[in-house]
Amino acid sequence: MAEFPAALSVTNAGEIQRMDVSEYDNDPRGILWVWRPPTKFHKYVMGIDPTGGRTNWSRFNRTRDDAKVDNGCIEVVQLGRRKGGHNEPDQQVAEFAAPVDPYDLAYIANIVGRIYAGVDEDQCGCIVEVTGVGAGTFRQLLELGYTNQFRWEKYASTTVNQTQQMGWIATNSTNKDLWIKASRHINLRNAIIRSPWLVEEYADCRMDTAKEYASNPGGHDDRVRAFNLALWMANGWSLNIERTEEDVRETSNEPPSWQASDCTWEEIQEGWDKVLDRMGGDY
């Protein structure tokens with residue numbers, strides 16, 4: 001990394017302490033990486049991908065087998081401002097990944113989400129994959145009073161309705177939609193990624209409707225999943241139809257392209273007469 005970001009070490013569930021650069025041993029797990037500090041003028045969204053993990057895991061009790069365990073991951077995205085016809089890109093501002101269990105991850109997310117409350121009252125928006133072990137993370141967050149949760153949207157064709165179900169539900173269809181929308185958003189340079197570990201995971205990932213990503217032996221896809229979820233909630237893709245801006249030319253002194261039209265010869269001659277009259281020529 002060209003710039004070493006601020007690092008906060010998560011020693012135990014619910015405790016975050018500032019970490020000195022000299023303590024870093026090239027293992028990014030168990031650290032809250034902060035590339036942009038929170039401000040009260042921006043809106044933030046937190047994507048969470050839970051895993052079975054290991055209870056009471058911390059950087060002080062790591063083992064060699066930890067590398068084989070999937071990481072529980074938290075990705076914080078700052079929404080790009082949309083105003084004046086110019087859309088700023090969304091940007092990654094913080095990341096946490098470690099093989100912690102779903103309940104420990106909830107305690108950590110509770111702090112991170114409140115730190116990045118931004119324009120929201122006291123906690124930023126949160127989207128948790130509730131399929132499988134994620135239900136435990138979601139319930140623990142609610143018990144901690146974290147209620148600014150993603151509400152599932154049921155969508156088919158062009159009809160989209162919010163439901164009472166909260167949290168992200170993973171299915172073959174939603175996995176495909178999540179991957180396509182997020183990867184398109186990134187390829188169009190509408191999102192800034194700062195984590196080198198997230199970049200590595202994206203390089204290894206392929207779409208797989210059963211698991212969202214094809215298996216990559218020795219690697220992980222947890223950061224990708226959490227970041228894609230954050231982008232989904234940040235952009236409201238279930239509720240918003242994607243729009244593009246196109247230049248519209250209202251008037252022109254140039255003659256129309258008659259050869260590209262379906263006009264008759266008489267209509268073309270009449271059109272030419274109108275164009276010449278408007279140009280003030282005497283031909």
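Helix H2 (residues 134-143) has Gly134, Gly136, Thr137, Phe138, Gln140 and Leu141 as its buried residues, where buried means under 20% relative accessible area, exposed over 50%, and partly exposed in between (1.4 Å probe, protein chains only). Just after H2, Gly145 adopts a positive phi of about 85°.

Before we go on, a word on the model: it is predicted, so local features need pLDDT of at least 70 and side-chain atom pairs count only at pLDDT 80 or more, while totals for chains, interfaces and linings use all residues. Residues are numbered from 1 along each chain as its sequence is written, and side-chain values use heavy atoms, with hydrogens and water left out.

**The chain as a whole**

The protein chain holds six helices and 14 strands; these are DSSP runs numbered from the N terminus, with helices (H or I) of at least four residues and strands (E) of at least two. Of its 283 residues, 45% count as buried. The accessible surface of the chain comes to about 15900 Å², and 48% of that belongs to carbon and sulfur atoms; the areas come from the Shrake-Rupley method with a 1.4 Å probe, and for residues only the protein chains shown count as cover. Among contacts with a separation of 6 or more, 69% join residues 24 or more positions apart, a contact being heavy atoms within 4.5 Å.

**Where H3 meets H5**

Helix H3 (residues 172-187) and helix H5 (residues 222-235) have axes that come within 9 Å and cross at roughly 80°. The two helices are therefore roughly perpendicular to each other, the label for angles of 65 to 115 degrees, with under 35 counted as roughly parallel, over 145 as roughly antiparallel and the rest as oblique. Here the axes are lines fitted to C-alpha atoms, for helices over the stretch in contact, and angles run from 0 to 180 degrees between N-to-C directions. On the H3 side the contact includes Trp179 and Ile186, and on the H5 side Phe227 and Trp232 are among the residues involved. The residues of this contact divide into nine nonpolar, four polar and three charged. In that grouping, Ala, Val, Leu, Ile, Met, Phe, Trp, Tyr, Cys and Pro are nonpolar, Asp, Glu, Lys and Arg are charged, and the others, Gly among them, are polar.

**Salt bridges**

Side chains of opposite charge can pair when their charged atoms come close. A salt bridge is taken as a side-chain nitrogen of Lys or Arg within 4 Å of a carboxyl oxygen of Asp or Glu, and the count comes to eleven. Three of them are set out here.

| Pair | Closest N and O atoms |
|---|---|
| Arg62 and Asp27 | 2.9 Å |
| Asp65 and Lys68 | 4.0 Å |
| Glu201 and Arg223 | 3.0 Å |

Arg62 is partly exposed at 29% relative accessible area, whereas Asp27 counts as buried at 14%. Both belong to a network of salt bridges that links Asp25, Asp27, Arg29, Arg59 and Arg62.

Asp65 is partly exposed, with a relative accessible area of 49%, and its partner Lys68 counts as exposed at 70%.

In the third pair, Glu201 is buried at 5% relative accessible area and Arg223 is buried at 6%.

**A loop after H4**

Arg206 sits in the loop between helix H4 (196-204) and strand E13 (207-208). Arg206 counts as partly exposed, at 49% relative accessibility. Arg206 and Asp221 are 15 residues apart in sequence, and their C-alpha atoms are 9.9 Å apart in space.
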